[in-house]
Each structure stands twice: as C-alpha cells, then as structure tokens.
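Visitor: I'm new to this one. Can you walk me through it?
Guide: Sure. Here it is.

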Amino acid sequence: MDHFTIATVAERSADFRRVLWTGEHTQLVIMTIPPGGEIGEEVHDGIDQILTFVSGTGEARVSGETKTVNEGDLVVVPSGTKHNFVNTGPNPLVLYTVYGPPEHADRVVHRTKDEADKAEAEGRDEPPTH
C-alpha cells in the first residue's frame, strides 16, 4: 500500500516537481513553485489534471480565466485546456496534482523548472507505457 500524508509530503519538498506515484491510469505529483515563478503555459491533450493547493498564494489561469488560489483550493483542468499557475505571493506555492493518464516519467524529480523544461525537451520525461 502506498500511503502519503500529502500536505506534509508536499510541504517538505523544495523540488519544482516530484512524481510520488504512477499507476496505469493516474499519477500523483507534488510541486513547489518559488515566489515569482510559474508552471508555464501548457496544454495536455488527452490528459485531465486536478490540482490541490497546500500553501502559498497564486493565480490559476485556465482557458482564459484568472482566479486567485490559496491553501485548500482545488482546480480542475480538462484535457486540451490551456493553463498556467503562477506564484503571486512571497512564499512558495505548494500543490499536489493528479494526472489521468500519467504525464511524467515514474518517480522523476526535477529540482527546478529549467531542469524540468530541459528534460521534457530532450524526451527524458515521458510517462511509462503499460
């Protein structure tokens, strides 16, 4: 059994992105976005995403709408929807997200956004095939 006290695990990670668990149909990832940072505008075709915010303050920019996000908020990003999440506060924006199906390589850790972007560009962050 995999068991996580998810808010605690997410709060303890300073990494931009850390994949905690990957199944055949879903994936659990924690993220920490530094002050002034962002996930980066993107679209996941064929992948739904649910993000839950653990701490910090930010903006959810989804399908042309912008809303403030805080601790306890949850945002759903349906497949094919343009989105970005930006840290607007003085502290890290910490969240966990569930992708369905998986979006990233199993157990991958990217310490920074630059590292994550480079791995994606080089094809080193592909989800497992089952």
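**A walk through the model**

Guide: Let's start with one pair: Thr52 has Leu74 as its bridge partner in S6. Keep in mind that this is a predicted model.

Visitor: What is the bridge partner of Ile50 in S6?
Guide: That is Val76. Ile50 itself is in strand S3, residues 48-55. S3 and S6 are antiparallel, with 4 bridges between them.

Visitor: What sheet do they belong to? Which order do the strands take?
Guide: The order is S6-S3-S8-S2-S1-S9. That makes an open sheet of 6 strands with antiparallel pairing. Strand S6 (74-77) and strand S9 (109-110) are the edge strands, and each pairs on one side only.

Visitor: Back to S6. Which side chains are buried there, and which are not?
Guide: The side chains alternate along S6. Val75 and Val77 point to one face and are buried. Leu74 and Val76 point to the other face and are not buried.

Visitor: Why would side chains alternate in a strand?
Guide: In a regular strand, side chains take turns between the two faces of the sheet.

Visitor: What do Leu74 and Val76 make with Ile50 and Val98?
Guide: A nonpolar surface patch of about 310 Å².

Visitor: Why can Ile50 count toward a patch?
Guide: Because a patch takes residues with over 30% relative accessible area, and Ile50 has 37%. That value makes Ile50 partly exposed.

Visitor: New strand. How many residues of S7 are buried?
Guide: 5 of its 5 residues, which are 83-87. Both faces are covered. His83, Phe85 and Asn87 are on one side, with Asn84 and Val86 on the other.

Visitor: What is joined to S7?
Guide: Strand S4, residues 58-62, through 5 bridges. The two run antiparallel. One of the pairings puts Val62 in S4's partner role with His83 in S7.

Visitor: Let's try the loops. Where is Ser63?
Guide: Ser63 is in the loop between S4 and strand S5 (65-69). Its phi is positive, about 50 degrees, although Ser63 is not a glycine.

Visitor: Is Ser63 buried or exposed?
Guide: Exposed, at 53% relative accessible area.

Visitor: What about Arg107? Where does that one lie?
Guide: In the loop between S8 and S9. Arg107 also has a positive phi, near 65 degrees, and is not a glycine. Its relative accessibility is 47%, so Arg107 counts as partly exposed.

Visitor: Which peptide bond is cis?
Guide: The one from Gly100 to Pro101, with omega near 0 degrees. Pro101 sits in the loop between strand S8 (93-100) and S9.

Visitor: Now charges. How many salt bridges does a search of the whole structure find?
Guide: It finds 7.

Visitor: Why do such pairs form?
Guide: Side chains of opposite charge can pair when their charged atoms come close.

Visitor: What does Arg111 form with Asp15?
Guide: A salt bridge, with the closest N and O atoms 3.0 Å apart. The pair links distant parts of the chain, 96 residues apart. Arg111 is in the loop between S9 and H2. Asp15 is in the loop between helix H1 (6-12) and strand S1 (17-22).

Visitor: Which of them is buried?
Guide: Asp15 is buried, at 9% relative accessibility. Arg111 is exposed, at 52%.

Visitor: And Asp125, what does its side chain meet?
Guide: The side chain of Arg17, in a salt bridge of 3.5 Å, N to O. Asp125 is in the segment after H2, Arg17 is in strand S1, and they are 108 residues apart. Both Asp125 and Arg17 are buried.

Visitor: Which residues are joined into one network?
Guide: Asp15, Arg18 and Arg111, through salt bridges that share partners.

Visitor: Last one. What does Glu120 touch?
Guide: Arg17, His104 and Asp125, leaving out residues up to four places away in sequence. Glu120 is found in helix H2, residues 113-121. Its side chain has a polar contact of 2.8 Å with that of Arg17.

Visitor: How far apart are Glu120 and His104 in space?
Guide: 8.8 Å, C-alpha to C-alpha, and 16 residues apart in sequence. Glu120 counts as partly exposed, at 33% relative accessibility.

Conventions
Residues are numbered from 1 along each chain as its sequence is written. This is a predicted model: local features need pLDDT of at least 70, side-chain atom pairs count only at pLDDT 80 or more; totals for chains, interfaces and linings use all residues. Side-chain values use heavy atoms; hydrogens and water are left out. Patches are made of residues with over 30% relative accessible area and no salt bridge: like charges are joined within 9 Å, nonpolar side chains (Val, Leu, Ile, Met, Phe, Trp, Tyr) within 5 Å. Accessible areas come from the Shrake-Rupley method with a 1.4 Å probe; for residues, only the protein chains shown count as cover. A salt bridge is a side-chain nitrogen of Lys or Arg within 4 Å of a carboxyl oxygen of Asp or Glu. Buried means under 20% relative accessible area, exposed over 50%, partly exposed in between (1.4 Å probe, protein chains only). Two strands pair if DSSP finds at least two bridges between them. Contact means heavy atoms within 4.5 Å. A polar contact is a pair of N or O atoms within 3.5 Å; within protein, one must be able to donate a hydrogen and the other to accept it, and residues adjacent in sequence count only if both atoms are side-chain atoms.
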